[in-house]
Amino acid sequence: MGVVILMLFCLTIHFAAFSEQIHARIERDSNTHLRRRVIDAKGGPESLIWVVQLSDLHFSVHHPDRALDFRALVGPALSMINPSLVLITGDLTDGKSKDLLIMKQDEEEWKEYQKVMEDVVKWSGLDKNIFYDLRGNHDNFGVPVVGGSFDFFSKYSINGQLGRSGKVNSVTLQTGGRKHLFVGIDSTMSIGLRGPTNLFGHPTDQLLTEIDSELSQWNSQSVEPVTKISFGHFPLSFSALSFSEKSLKDIFLKHSLSAYLCGHLHTRFGKNLKRHHQLGHHFFQPNIHPTPLESAKNCSSMAVPPVEEFWEWEMGDWRKSRAMRMVAIDSGFVSFLDIDFKSGAKKIIILPTFPLDSRLMSTSSSLHNYECHSIDPSSYETVRALVFSVSPIISVVVRIYDSEPGNLNMVMEAPMSKHDDNSSRGDLYTALWNFKAFEDPSPVRYWLQIEAIDIMGRSSLTELRPFSINGLSGKLSWTWTEFIVMGCQWASLYYPILWACLFFIFSILIVPKVLLTFTKGPYSYKSFCANKGFISGIAWILVELCRLSVVWFGMLGYLFYLILFPWFSGQVFTDGGERKYMTYKGWVVKNFGESKKLEFIGSPDIMVVVLSHLCFVVLPSILVAAALAAEKGGYRVEFLSRSGKKEDDYGSENNHRSNRGMTKFCVDKRWIRKILLVVCLAICWKHLKNCRALMKAYEMNPFLHFPGYGFSVPLLLAYTIYKTRGVQ
């Protein structure tokens with residue numbers, strides 16, 4: 001009997017385990033089905049699809065015009081364009097107070113977003129399933145856990161309503177003989193902190209594995225060519241590395257992505273926020289195009305591995321710029337057009353799909369394919385453009401200009417004819433040309449422009465754009481602001497900049513102290529006057545700070561405090577709760593559902609607080625304190641030298657008055673000290689503004705939650721001012 005019971009018990013356990021495996025497999029297959037979609041792009045023109053991207057909507061209860069304009073302009077525009085997909089790449093709501101200092105979720109903004117999107121879907125006449133919206137950092141402010149009561153994205157977004165709960169979602173658009181794979185990425189923090197320390201994308205190793213899987217889904221299942229495009233919120237310059245030091249760039253290069261579409265930076269930093277990626281450039285890329293990789297031309301019949309490269313195209317924001325982007329893929333050629341709605345609705349929209357802009361769309365693979373004659377000649381035989389209009393179009397003309405003489409001379413003007421297709425998804429216009437006549441070693445010699453006129457007589461011209469039939473890339477340089485936000489890998493630079501800054505600050509404190517203690521060098525005002533020089537002047541100023549022992553030890557102790565102890569504690573989630581504390585490594589936050597702490601969440605996002613404080617408060621405070629001490633030393637020497645003179649020396653002194661007039665004026669009036677006091681006020685004002693912003697952002701009391709951070713610098717400066725007021 002006991003044996004029978006034991007056998008039944010074992011069978012029960014085995015059956016339960018088997019059922020659990022089957023359930024897990026079904027759940028995994030169901031999640032994969034929700035994550036992956038395949039859409040047949042029915043109707044012509046074949047081998048051509050186009051999608052729309054919107055980003056950084058920032059719907060706000062304090063700025064209702066953003067939602068009103070979106071409802072009024074985007075719905076009709078989508079109806080006219082009829083895209084196959086609509087991609088909304090993050091920051092759907094603003095999540096900020098009116099003074100921009102408190103950053104957490106506001107459910108009213110999410111309700112407005114849901115209602116506006118329902119109206120846009122209805123007015124556009126498009127299927128709601130082709131809309132994909134992603135989470136941005138603003139949509140994640142103060143969200144402690146995905147799926148929780150403050151995760152309004154899961155409740156009100158289109159992805160949330162359609163059950164797309166994963167961090168990665170993909171959709172494939174199929175046309176005649178070609179696939180177009182779009183992979184959406186949510187790389188926001190798994191535990192969403194309030195701003196301003198929620199600025200970067202944080203891809204995990206699991207997320208990178210999922211992206212790799214989605215981008216590989218057609219590798220072994222399709223003989224048709226596949227164009228791969230990914231879209232997300234964060235530029236790669238504002239994306240952190242995973243725990244294993246891998247990045248989104250590694251995955252994108254592996255799959256030779258055509259383009260990565262993103263937002264986040266808006267247009268205030270510039271309009272050329274684009275970047276061509278290749279291997280290398282871990283910290284900086286000085287220009288839009290990296291230094292070309294040297295490679296010999298190889299057109300052998302043996303398989304040549306694809307060039308590891310991709311384009312990153314950050315787009316403007318809806319928040320202020322009212323921007324929308326169209327992206328077209330024509331026989332594998334990817335092009336885009338940024339549309340500005342600030343001046344109102346557009347009556348005519350023209351997107352040239354071939355030839356491509358040589359500055360922002362050409363790739364090394366295009367050059368290789370052209371040189372090796374591995375191109376489809378039919379894709380080169382016509383100039384092509386998509387034309388959308390609210391009224392019938394009566395004329396489309398293409399013009400090509402030659403810039404070699406030094407000015408633009410028209411070398412071709414031809415009418416474009418509409419591609420006939422009764423079931424067309426949009427109007428494609430083409431014009432035959434002899435493309436070989438435009439082969440040239442310069443990628444910016446020939447320029448393209450297309451004009452369309454509708455039945456109402458309205459005319460629209462595209463911007464002049466250079467092209468290269470050979471596939472050569474025209475060079476385009478960033479401005480300084482564009483380089484700072486796109487060309488620098490800030491996640492990799494945070495710790496090198498931090499330790500370099502700390503090393504420099506420690507050096508200007510410790511090295512002069514060592515010189516003063518162990519050498520008998522003449523580091524004084526008199527020696528500086530005798531041997532004027534930049535080095536001797538710096539040495540004298542820094543040594544004078546060492547003589548103010550309280551200030552010197554205070555500054556040194558404050559630096560150790562910033563390295564070894566928490567800077568402050570605050571509320572980092574929308575719902576308040578237990579306070580968390582921040583160090584230069586990040587916030588220490590408990591992981592929901594686990595008892596252990598997750599050390600240092602929010603790095604490198606905290607660099608906006610840490611580096612700002614070190615570079616614009618701590619370092620200037622040390623330098624101005626040293627300058628005040630040196631000014632006092634110089635004033636004391638000059639004062640004593642004059643007060644100790646005898647009466648009969650007055651005539652001798654009067655002979656040199658013309659040479660010492662300026663020195664006497666500066667010393668007597670102490671104008672240098674007054675200037676330094678103004679600098680002290682500026683530093684304290686900057687520090688006060690930072691403290692006020694942090695107080696409001698994280699609901700802190702300066703006396704309770706950051707006394708060391710808040711009061712150390714002002715007190716040390718005040719003590720320095722007091723001790724340097726007179727000659728004693």
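## A first look at the model

Pro196 lies in the loop between strand β6 (178-185) and helix α6 (205-215). The bond leading into Pro196, from Gly195, is a cis peptide bond with omega near 10 degrees. You're looking at a predicted model, in which local features need pLDDT of at least 70 and side-chain atom pairs count only at pLDDT 80 or more, while totals for chains, interfaces and linings use all residues. Residues are numbered from 1 along each chain as its sequence is written, and side-chain values use heavy atoms, leaving out hydrogens and water.

**The protein as a whole**

- There are 19 helices and 25 strands in the protein; these are DSSP runs, numbered from the N terminus, with helices being H or I of at least four residues and strands being E of at least two.
- The protein has 728 residues, and 51% of them count as buried (under 20% relative accessible area; over 50% is exposed and in between is partly exposed, with a 1.4 Å probe and protein chains only).
- Take the contacts between residues at least 6 apart in sequence: 76% of them join residues at least 24 apart. Contact here means heavy atoms within 4.5 Å.
- The accessible surface adds up to about 33900 Å², and carbon and sulfur atoms hold 60% of that. Areas come from the Shrake-Rupley method with a 1.4 Å probe, and for residues only the protein chains shown count as cover.

**Backbone oddities**

- Most residues other than glycine have a negative phi, and most peptide bonds are trans.
- Besides the bond into Pro196, have a look at Phe354 and Pro355: a cis peptide bond joins them, with omega about 0 degrees. Pro355 sits in the loop between β13 (348-354) and α8 (364-371).
- Ser256 isn't a glycine, yet it has a positive phi of about 45 degrees. You'll find Ser256 in the loop between α7 (248-254) and β8 (259-262), where it is partly exposed at 22% relative accessible area.
- Arg322 is another residue other than glycine with a positive phi, near 50 degrees. Its spot is the loop between β10 (310-314) and β11 (323-330), and with 7% relative accessibility Arg322 counts as buried.

**Two buried residues to click on**

- Val485 belongs to helix α9 (residues 480-487) and is buried, with a relative accessible area of 5%.
- Skip the neighbours within four places in sequence, and Val485 is in contact with Ser237, Phe238, Leu265, Phe269, Leu273 and Trp490. Of these partners, Leu265 is 220 residues away from Val485 along the chain, yet their C-alpha atoms are separated by 7.8 Å.
- Ser391 is in the loop between β14 (382-389) and β15 (393-402), and it's buried too, at 14% relative accessible area. Not counting residues up to four places away in sequence, Ser391 touches Asp454, Ile455, Met456 and Arg458.

**How α14 and α17 pack**

- Helix α14 (residues 607-643) packs against helix α17 (residues 671-698) at about 160 degrees, and their axes are 10 Å apart. Axes are lines fitted to C-alpha atoms, for helices over the stretch in contact, and angles run from 0 to 180 degrees between N-to-C directions.
- That angle makes α14 roughly antiparallel to α17 (over 145 degrees; under 35 is roughly parallel, 65 to 115 roughly perpendicular and the rest oblique).
- Their crossing is left-handed, meaning the near helix is turned anticlockwise from the far one by less than a right angle; clockwise would be right-handed.
- The contact includes Phe616, Val617 and Pro620 of α14, along with Leu676, Leu677 and Ile683 of α17.
- By class, this α14 and α17 contact has 14 nonpolar, five polar and three charged residues. Ala, Val, Leu, Ile, Met, Phe, Trp, Tyr, Cys and Pro are nonpolar, Asp, Glu, Lys and Arg charged, and the others, Gly among them, polar.

**Around α13**

- Helix α13 (residues 549-564) and helix α19 (residues 707-723) meet at about 165 degrees, their axes 10 Å apart, and are therefore roughly antiparallel. α13 passes α19 in a left-handed crossing.
- Val550, Val551, Gly554, Met555, Tyr558 and Tyr561 make the contact from α13, with Gly708, Tyr709, Ser712, Val713, Leu716, Tyr719 and Thr720 on the α19 side. They split into nine nonpolar, four polar and no charged residues.
- Helix α12 (residues 534-547) also meets α13: the axes come within 5 Å and cross at roughly 95 degrees, which makes α12 roughly perpendicular to α13.
- Here Leu545, Cys546 and Arg547 of α12 touch Ser549, Val551 and Trp552 of α13, giving four nonpolar, one polar and one charged.
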